[in-house]
Amino acid sequence: MTQQESYIQKLFAERIGGINYGKDTEIYKFEKIKRAKAAAKKEHPEVQLIDMGVGEPDEMADMGIVAKLAEEAAKPENRGYADNGIQEFKEAAARYLKNVFQVDGIDADTEINHSIGTKPALAMLPTCFINPGDVTIMTVPGYPVMGTHTKYLGGEVYNVPLLKENQFLPDLDSIPADIRKRAKLFYLNYPNNPTGASATVEFFEEVVQFAKENDILIVHDAPYAALTYDGLKPLSFLSVPGAKEVGVELHSLSKSYNMTGWRIGFIAGNTLAVKAFKDVKDNNDSGQFIAIQKAAAYGLDHPEITEKIAEKYSRRHEMLVGALNEIGFKAEKPKGSFFLYVEAPKGIKGGQRFESGEDFSQYLIREKLISTVPWDDAGHFIRFSVTFEAGGLEQERQVIDEIKRRLTDVEFEF
């Protein structure tokens, strides 16, 4: 190590490891998956790896959205900074909440603001509320960004497990009194990643009451809210009476409109919380490209685009669930999201044992060239994603049939 490198090593903030930054030898879950995939491809170059772990859409955005982007990008008036967003997008977001989720009374001026995707919004919200010693309640398994930034700010994270026996909804009564007293934020995500579980109106009503009793802001992360199946209507937390008094909801066009790389979403709900987000955001970025906001507004006014996408995912879920259950899994089609969450087997009869979801996931990659994502936060599960590459129904069937073929030469023990 050079003298300059030694000097820089001493400057890192404790929140990212301090003087030990970069020295951590632990290999994280997604890096293990990446390495296992590379090794499996090298060892079996003749076999195509089936990637069921990718958590992003497999198709481009609707051509109407793409055309709108091209049209607006060519206009000189759209070239400048967007700052906290354009009115056209805010109003489209309000209409979207009304038309798709039956959310009434949202003020586009004071209760909605755009974000450069949902992830930055989750990262910024703790800055609005968390002081050292404050608590953010998170659900696990789940998306950790808001918890990570809570810790960066000297706050604490309290994890509530999502268990199968509770339909993967958090048990509000299990949260200790001292945590409730110190908590400021409570993160929820339905339809849920990774479990695929959906919330109910009754559950959201309980959440509203819980928030009021404990002076907690609810942050409902809803990127999959419009991707619902089998008669389940899209449900917004903000559609429940009293929700706007106690919370905000984050929407993204990434998953519901195949717009992951476009980085556009919005926050809606409590006026004070949205105002605080605007102020913090104003010190973090200069807004998303106006042409993208206008293309997104077009998409929000055409929810039939999402309905068509949901039909594809629903069909794929049914095929995958059917195939896995024939093999011996106990898979249940989710009512929303593009994730299928299933318990990992205990092992192979008369052979290898799987002590965790990660063990089984690594086995699938190495031996079967099928990539999934393991989750061991609350039981041993793996997550399949139905966003796999396939150009139409016939190719979808081929992928599912190949998965079934690869898994039928062993007998799993559950």
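Okay, let's start in the middle of things, with strand β13: both of its faces are covered, with Phe 381, Arg 383 and Ser 385 buried on one side and Ile 382 and Phe 384 buried on the other. By buried I mean under 20% relative accessible area, with exposed being over 50% and partly exposed in between, using a 1.4 Å probe and protein chains only. Strands here are DSSP runs of E with at least two residues, helices are runs of H or I with at least four, and both are numbered from the N terminus.

Quick housekeeping. This is a predicted model, where local features need pLDDT of at least 70 and side-chain atom pairs count only at pLDDT 80 or more, while totals for chains, interfaces and linings use all residues. Residues are numbered from 1 along each chain as its sequence is written, and side-chain values use heavy atoms, leaving out hydrogens and water.

Back to β13. Five of its five residues are buried, so the strand is largely enclosed by the rest of the structure. As a reminder, side chains in a regular strand alternate between the two faces of the sheet.

So which strands make up the sheet, and in what order? There are three, running β9-β13-β12, in an open sheet with antiparallel pairing. Pairing needs at least two bridges found by DSSP between the two strands. β9 (339-343) and β12 (373-375) are the edge strands, each pairing on one side only. From one strand to the next, the twist averages 30 degrees. For angles, axes are lines fitted to C-alpha atoms, for helices over the stretch in contact, and the values run from 0 to 180 degrees between N-to-C directions.

Let's walk along the β9 side. Five bridges connect β9 to β13 (residues 381-385), and the two run antiparallel. Phe 339 has Ser 385 as its bridge partner in β13, Tyr 341 has Arg 383, and Val 342 has Ile 382. Why call β9 largely enclosed by the rest of the structure? Four of its five residues are buried.

On the other side, β12 and β13 pair antiparallel over three bridges, and Pro 374 is partnered with Ile 382 of β13. These two strands form a hairpin with five residues between them, and in that turn Gly 379 has a positive phi of about 100 degrees.

Now, what packs on this sheet? Helix α13 (residues 357-368) does, touching β12 and β13, and its direction makes about 45 degrees with that of β13. Touching, or contact, means heavy atoms within 4.5 Å.

Next up, helix α4 (residues 87-101). Its 15 residues reach 21 Å from the first C-alpha to the last, close to the expected 21 Å at 1.5 Å a residue; that expected span is 1.5 Å times one less than the number of residues. Plenty of names on the buried list here, including Phe 89, Lys 90, Tyr 96, Leu 97 and Phe 101. What covers the buried residues of α4? The cover includes strands β2 (112-115), β7 (247-252) and β8 (265-269), plus helices α10 (271-282) and α11 (290-300). Just past the end of α4, Gln 102 takes a positive phi of about 55 degrees.

On to charges. Side chains of opposite charge can pair when their charged atoms come close. The structure holds 31 salt bridges, each one a side-chain nitrogen of Lys or Arg within 4 Å of a carboxyl oxygen of Asp or Glu.

My pick for the slide is Lys 294 with Glu 72, at 3.8 Å, N to O. Lys 294 lies in helix α11 and Glu 72 in helix α3 (residues 63-73), so this pair ties together parts that are 222 residues apart in sequence. Both residues are buried.

Asp 285 and Lys 281 also meet in a salt bridge, at 2.8 Å, and both are buried too. There's a network as well: salt bridges with shared partners link Asp 58, Glu 59, Lys 312, Arg 315, Arg 316 and Glu 396.

Then there's Glu 71 with Lys 75, at 3.7 Å. Buried or partly exposed, what is Glu 71? Partly exposed, at 42% relative accessible area, and Lys 75 is partly exposed as well, at 28%.

Last, the annotation. UniProt, in an unreviewed entry, lists residues 48-385 for "domain: Aminotransferase class I/classII large". UniProt positions are given in the numbering used here, feature names are shortened, and annotations may be inferred rather than shown by experiment. Over that stretch the chain is 38% helix and 17% strand, with the end C-alpha atoms 17 Å apart.
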